[in-house]
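Thanks for making time this morning. I would like to take you through a few places in one structure, going slowly from a single side chain to strands and then to a pocket.

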Amino acid sequence: MKSILIIGSGIVGICSGIELINRGFTVTLMDPNKPGSKTSYGNAGVITDASLMIVNNPQLLKSLFSLIFEKNIAFRYSILFVLARLTWIMSFLMFCSKKHMEKSGNALRELQVLSLECHKKLIKVTSSEENVTKPGWLKLFKTKEGFDKYGTEISLLNKNKVDYSILESDQIKKKYPDLKECFFRGIIFTNSLRIKSPQKLSDSYFNYFKKMNGKFINESCESFKFINNKWSVNSNKGSYNFEHIIISAGPWSKKILSELGYNIPLAWEKGYHHQFSTKKNISINPAIHDVEGGFVYSSNGDEVRVTSGVELNFLNAKKNIEQIKEVVCRLKKIIPLKKQLTKEAWLGSRPTIADSMPMIGKAPKHKKLWFNFGHNHIGLSTSAGSAKVLGEMIEGKKVSIKIDSFLPSRFKL
């Protein structure tokens, strides 16, 4: 059987491992960290077929001045990071066109529909149903102005025939009485799932991977070379040989691939995560995106998880908890928080390609080297689908969806 090493054991790597074992490959995951404990840990916990609007869209250009010069709870940045990554940022802004937004939205819709179907099968086979609620994704708007700004995204949803319902203020109050603030309007996405604990889902998938005889090497990849039609891999503890390698290392993929001469147009968006107990049990099924507030929260009985907006900064930069502190202050006005359960704010980094689309497919310069990273804020949603697509490509079979928007060859690397 052909052997494959997957570098990175986040949700994308784990799903890729399961998919390839099902296709008859011998699969090994390599990661110095616990599977699912880095970027995959502190996310919103949403699997949806409706996250179609990329970050670099025409609306971003309209709000660029305020993002740069005005204090914004949804966005913070380090000027040193911006200067150091100026080429990437300029490339990122070059993709803020209506044409790219619509093309990307269509491609992401196909990938997410496929991925939702694949996740449902994995949830069933791993007996993870108790970790799932549905519908799982709700966007709330405090003002008419905020809702009106969302019009561009609604048009994109409609073009791609996304199933959703609009909730008026009185419907929100009736459906979610535990919310203390009044909201002007909301949008609930019918086919979405909310994962109560992303770490538990990663654990369930990883345990299933091991049950299928998947292997895990708890080491960091130091170097690898293609010799005699095989990959020779050196970790911090040993040496190994594999026929294929898949890079699924999230924001660390850029550095890993630079050793082979690739210049991946990848940066990262950092974000914070906290958990709190509440003064009473909260009955809200979906994860809630406070659109104007720029944060996401979800409840599990007497506990609430909350994630912050975006911070552009270096991977190894010290934590700046001002953003998450402001988020928590706003959340206290919405939900009766009681006690902080996390010792300190968790910080993770979302890998972002310049065009806001993941890289899925064959490496352009090497044989038997494959990419599956750069899933931005929707890695949980797209992980199982991207794994299936990559498995089809590795086997040389017809791919389930149109893949041009995801191929690494779309860039000169």
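Let me begin with H375, which has a relative accessibility of 5% and therefore counts as buried, the cut-off being under 20%. Please keep in mind throughout that this is a predicted model. As for where this histidine sits, H375 belongs to the loop that connects β22, residues 369-373, with α13, residues 379-395. If we set aside residues up to four places away in sequence, the contacts of H375 are V12, P351, P358, I360, T382 and S386.

From there I turn to strand β1, residues 3-7, where five of the five residues are buried, so the strand is largely enclosed by the rest of the structure. As a reminder, side chains in a regular strand alternate between the two faces of the sheet. In β1 both faces are covered, with S3, L5 and I7 buried on one side and I4 and I6 buried on the other.

Which strands, then, are joined to β1 by bridges? One is β2, residues 26-30, which runs parallel to β1 and is joined to it by five bridges, with S3 standing opposite T26. Between these two strands the chain passes through helix α1, residues 11-22, and the resulting β-α-β crossover is right-handed. Another is β14, residues 244-247, also parallel to β1 and joined to it by four bridges, and here I7 stands opposite I247.

Elsewhere there is an open sheet of three strands, in the order β3-β9-β5, where the pairing is antiparallel. Its edges are β3, residues 46-47, and β5, residues 132-133, and because each has a single partner strand, one side of each is left without a neighbour in the sheet. Two bridges hold the antiparallel pair of β5 and β9, the latter being residues 193-195, and V132 has I195 as its bridge partner in β9.

My last stop is the second largest pocket, whose volume is about 290 Å³. It is lined by 17 residues, and those closest to its centre are N131, K196, S197, K200 and N300. The elements that contribute two or more residues to this lining are α10 (198-211), β15 (266-282) and β17 (295-307), and the largest share, four residues, comes from α10. What is the chemical character of the residues in that lining? They divide into nine polar, six charged and two nonpolar.

Technical notes: Residues are numbered from 1 along each chain as its sequence is written. This is a predicted model: local features need pLDDT of at least 70, side-chain atom pairs count only at pLDDT 80 or more; totals for chains, interfaces and linings use all residues. Side-chain values use heavy atoms; hydrogens and water are left out. Buried means under 20% relative accessible area, exposed over 50%, partly exposed in between (1.4 Å probe, protein chains only). Contact means heavy atoms within 4.5 Å. On a 1 Å grid over the protein atoms alone, a cavity is a set of points where a 1.4 Å probe fits but cannot get out, and a pocket is an open set with protein on both sides within 12 Å along at least five of seven lines; lining residues have an atom within 4 Å of a point. Grid points are joined across faces, edges and corners, and a volume is the space filled by probe spheres set on the points. Ala, Val, Leu, Ile, Met, Phe, Trp, Tyr, Cys and Pro count as nonpolar, Asp, Glu, Lys and Arg as charged, and the others, Gly among them, as polar. Two strands pair if DSSP finds at least two bridges between them. A crossover is right-handed if, with the strands pointing away from the viewer, the path from the first strand over the helix to the second runs clockwise.
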